[in-house]
Amino acid sequence: MDIFLFVLGYYIHFLASCLLMYKIYQTRSIWGLSVDTQIAFGLSSVARCIWVLDTRLVETVFAYIELVISTVVALVLCYLCNQYYHTTTKHAQGYFRIWVIAPVALALAFVFHPGDQWLSMQVLVAFTMYLECLGVIPQLDLMRRMAEIEPLTSHYVGLLVIARAARMVFWGVLFYMGEHFLQLFIADLLHTILTADYMYLWFKKLRSGGALVYSI
């Protein structure tokens, strides 16, 4: 059950990525999308390919299937962002670039990771979690500066947050079972805090309809 919750979060993320691919295919544009966010998710998927064999995820074939399809889709999205980079918005160049958030995620991983060893596979696990957390910041920053959000983009980000919520339940189940991964839970908790205001507006939009206006 606990492993199912962890994998479920990534399947929801995969669904969000497919929605994003559909949007790009239909519009031939990455208008309103952060390239840095997609690069961050691509890097985190590649990192997962390295450490997955050292975890309990090897207990289920669904984890392998998810990892393969998620990695392929993440890399395809990076390719599409490069292919249609000329269609991005003038707001796309913010302060939160991949060469900023990736080193910050690595630094956090070295300080906050399960276990006592400074160099272990757990550091890479923590790096993945923190990069996924910080990776959403460029997209949120871009949407704030654009104010009104395109519907499919708004649903994409909403699904990302739901995926992390599923993983927070996973950490809670592990805690109840006596397995404490507080360092990794913090990454998902931080992700939830960063996206809390957006999720309020997204659920409000789903209930009442209309455009999603997300501004500072």
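**Exercise 1. Is Trp202 buried or exposed, and what is its relative accessible area?** Then describe the ring pair that Trp202 forms with Phe203.

*Solution.* Keep in mind as you work that this is a predicted model.
- Step 1: Look up the area. Trp202 has a relative accessible area of 6%.
- Step 2: Compare with the cut-off. Buried means under 20%, so Trp202 is buried.
- Step 3: Turn to the partner. Phe203 is partly exposed, at 44% relative accessible area.
- Step 4: Classify the pair. The ring centres of Trp202 and Phe203 are 5.3 Å apart and the planes make an angle of 50 degrees, which is a tilted arrangement.

**Exercise 2. Find out how many aromatic pairs there are, and work through the one made by Trp171 and Phe181.**

*Solution.*
- Step 1: Count. There are six aromatic pairs.
- Step 2: Read the geometry. Between Trp171 and Phe181 the centres are 6.1 Å apart, with the planes at 45 degrees, so this pair is tilted.
- Step 3: Place both residues. Trp171 belongs to helix H6 (residues 151–176), while Phe181 sits in the loop between H6 and helix H7 (182–208), so the pair ties together parts ten residues apart in sequence.
- Step 4: Check accessibility. Trp171 is buried at 7%, whereas Phe181 is partly exposed at 26%.
- Step 5: Widen the view. Trp171 and Phe181 belong to a cluster linked by ring pairs, together with Phe6, Tyr10 and Phe170.
- Step 6: Add a charge. The ring of Tyr10 has the charged end of Arg48 sitting over it, 3.6 Å from the ring centre.

**Exercise 3. Test the length of helix H4 (residues 98–111) against 1.5 Å a residue, then work out where its buried residues lie.**

*Solution.*
- Step 1: Work out the expected span. The expected value is 1.5 Å times one less than the number of residues, so the 14 residues of H4 should span 20 Å.
- Step 2: Compare. The end C-alpha atoms of H4 are 20 Å apart, which agrees.
- Step 3: List the buried residues. In H4 these are Ile98, Ile101, Ala102, Ala105 and Ala109.
- Step 4: Look down the axis. The buried residues of H4 fall within an arc of 100 degrees, so they line one face of the helix.
- Step 5: Check the other side, where Trp99 and Val111 are exposed.
- Step 6: Find the cover. Helix H2 (35–51) and helix H5 (121–146) are among what covers the buried residues of H4.

**Exercise 4. Describe the start of helix H3 (residues 61–83) and its span.**

*Solution.*
- Step 1: At the start of H3, a side-chain oxygen of Thr60 comes within 3.2 Å of the backbone nitrogen of Phe62.
- Step 2: H3 has 23 residues and reaches 33 Å from first to last C-alpha, close to the expected 33 Å.
- Step 3: Its buried residues include Glu66, Ser70 and Leu77.

**Exercise 5. What is notable about the phi of Arg28, and which ring does its charged end sit over?**

*Solution.*
- Step 1: Locate Arg28 in the loop between helix H1 (2–27) and H2.
- Step 2: Read its phi, which is near 55 degrees, a positive value in a residue other than glycine.
- Step 3: Recall the usual case. Most residues other than glycine have a negative phi.
- Step 4: Follow the side chain. The charged end of Arg28 sits over the ring of Tyr25, 4.6 Å from its centre.
- Step 5: Check accessibility. Arg28 is partly exposed, at 41%.

Notes:
Residues are numbered from 1 along each chain as its sequence is written. This is a predicted model: local features need pLDDT of at least 70, side-chain atom pairs count only at pLDDT 80 or more; totals for chains, interfaces and linings use all residues. Side-chain values use heavy atoms; hydrogens and water are left out. Helices (H or I, at least four residues) and strands (E, at least two) are DSSP runs, numbered from the N terminus. Buried means under 20% relative accessible area, exposed over 50%, partly exposed in between (1.4 Å probe, protein chains only). The arc is that of the directions from the helix axis to the C-beta atoms. Contact means heavy atoms within 4.5 Å. Rings of Phe, Tyr and Trp (its six-membered ring) pair if their centres lie within 6.5 Å; planes under 30 degrees apart count as stacked, over 60 as edge-to-face and the rest as tilted. A charge sits over a ring if NZ of Lys or CZ of Arg is within 6 Å of the ring centre and within 35 degrees of the ring normal. A polar contact is a pair of N or O atoms within 3.5 Å; within protein, one must be able to donate a hydrogen and the other to accept it, and residues adjacent in sequence count only if both atoms are side-chain atoms.
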